[in-house]
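User: Pick one strand in this model and give me a close look at it, with a bit of context on how the rest of the chain is laid out. Please spell out any cut-offs as you go.

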Amino acid sequence: MASFETLQLSPEILKSIQEMGFESTTAIQAQAIPIALTGQDLIGQAQTGTGKTVAFSIPVVEAIDPRDQKLEALILTPTRELCIQVAEEIARVGAVKGVKVLAVYGGQDIQRQIRALRNKPNVIVSTPGRLMDHMNRKTVRLQDIKMVVLDEADEMLDMGFVEDIETILSACPAERQTLLFSATMKMGVQRIAKKFMRDFTVITVKQSEVTVPTIEQVYYEVSENHKLDALTRLLDIQNPELAIVFGRTKRRVDELTNALKTRGYLADGLHGDLSQRQRDSVMAKFREGELEVLVATDVAARGIDISGVTHVYNFDIPQDIDSYVHRIGRTGRAGKSGIAATFVTAREVPHLHQIERITKRKIQRLPLPTLAEAKLSKQRIAMEQLLDACQQDSLNGFKGLAEELLEQQDSLLLVSAAIKLLIKGTNEIPIKLTAEQPIRIKKPAYQSGNRRPNKPNGGYSQQHTRRGRTSHR
Ligand SMILES: Nc1ncnc2c1ncn2[C@@H]1O[C@H](COP(=O)(O)OP(=O)(O)OP(=O)(O)O)[C@@H](O)[C@H]1O
Ligand SMILES: [Mg+2]
């Protein structure tokens, strides 16, 4: 870890970094920034939550000159939420320098975007589909681009954006600099790199270090029918500051969101079928802490950085190992600790062991808490809230009322009633969710009689299909 002063940054950027409150660089920042500042192309792989955004934002902001009033840098991200977040981070890094940043993503009014693009931003952060749209309409021109960054490069290729990305990269000047970042890298990334990057440097982490050590990884074996009860019990006992619950499909997310609301939690859902307005409002509420549980598909698995997320629950185990790594990485960010709990049905246990083998990290099996334990925990939380409230000085206005109550009722009875009212949720309400299909687990080739050579990862089944843009997210 070095200080940002040793990186020979321009004074404006150093000042912005100070204002952001960062004291020293993270490992990826210390390694990547000096290389990127020489103008070299770079692939940067580093764990979730280790500051890759700043690692590319600094070289981006250094590369542009706001006085040119030209579009000089382009950042691509796989999702709209990430697009907005990255644009905000670049705006912070570029604040003192006066850099104009614009987020351009699908679902937003295109005419408004066209007007904003005429306003000559220096940097745009975009999702590939919407950028292609603007390229076709000739409302964005890439001829002055000096720097392109692909954030979550592997995911964009996985989502079926390969051709779009190739088109976009081909439309940028050949002498531009290209940076590529993610916590995970697949073979496809190398192919893009070979085709579109020059003399690039690769910074990687070892497979055994892909997941962050400050995330405590646990799993619970639970049948489909018991998942909801298991989740609400865990929420009651663990009492997360903010939690993200990942479900496999949009329907799952909708049903689970409703179920959690019915049981008294401040929950809302996020997936690709919601309107942009709904997506923005859910994310804003979650960031502000007005929601305690965000239920989401993998649309929220990548890059999303919300500092209060203490718990991630995989309500459904993800098919894809990279998805597991990114999902759990929504907690334990910037050196903080976090808990990642995965629900596994009996049939899915081998898949969980596969994840352990590939990430080279043990996921501890824990017994599910009982209903009685959950109840007790809720009571304790209510009690603590009551004790906390006693410390507040704003109670004077209630004392007259309290005296009146004490004349009518026994004090023990009154306090018991207050605790009862404070206990959140009505977890006994029975709710049935539509069962999800268990994930596909490929048997090793020699067992299934399949003559194809066994995969090096032991038959672990990745999603090879093009997920396309009408995906299950
Ligand atoms: N040098 C630093 N010191 C302290 N905090 C930092 C520093 N750099 C970045 N951070 C903070 O760390 C958090 C995680 O950063 P970021 O979102 O860039 O992670 P990431 O590596 O892109 O993760 P992911 O793989 O999940 O996208 C952010 O809240 C960011 O503000
Ligand atoms: Mg990131």
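Analyst: Over residues 214–374 the chain is 38% helix and 22% strand, with the end C-alpha atoms 26 Å apart. Helices here are DSSP runs of H or I with at least four residues, strands are runs of E with at least two, and both are numbered from the N terminus. UniProt puts "domain: Helicase C-terminal" on that stretch, from an unreviewed entry; such annotations may be inferred rather than shown by experiment, and their positions follow the numbering used here, with feature names shortened. This is a predicted model, so local features need pLDDT of at least 70 and side-chain atom pairs count only at pLDDT 80 or more, while totals for chains, interfaces and linings use all residues. Residues are numbered from 1 along each chain as its sequence is written, and chains are lettered from A and ligands numbered from 1 in the order in which they are written.

The domain assignment, which is automatic or taken from a database, splits the chain into domain 1 (4–204), domain 2 (215–371) and domain 3 (372–472). The C-alpha centres of domain 1 and domain 2 sit 28 Å apart. Their contact (C-beta atoms, placed from the backbone, within 7 Å) uses 18 residues from domain 1 and 16 residues from domain 2. On the domain 1 side, helix H4 (80–93) and H7 each give two or more residues, and H4 gives the most, with 4 residues.

H7 also leads to your strand: S5, helix H7 (residues 153–171) and S6 form a right-handed β-α-β unit. Right-handed means that, with the strands pointing away from the viewer, the path from the first strand over the helix to the second runs clockwise.

So, S6 itself. Because 6 of the 6 residues of strand S6 (residues 177–182) are buried, the strand is largely enclosed by the rest of the structure. Buried means 20 or more other C-beta atoms within 10 Å of a residue's own, exposed means 12 or fewer, and partly exposed is in between, with C-beta atoms placed from the backbone. In a regular strand, side chains alternate between the two faces of the sheet. Here Gln177, Leu179 and Phe181 point one way, and Thr178, Leu180 and Ser182 the other, all buried.

As for neighbours, pairing takes at least two DSSP bridges between strands. Strand S1 (residues 42–45) runs parallel to S6 with 4 bridges, while strand S5 (residues 147–151) pairs with S6, also parallel, over 5 bridges. Leu179 is the bridge partner of Leu42 and of Val149.

How values were computed: Two residues are in contact if their C-beta atoms, placed from the backbone, lie within 7 Å.
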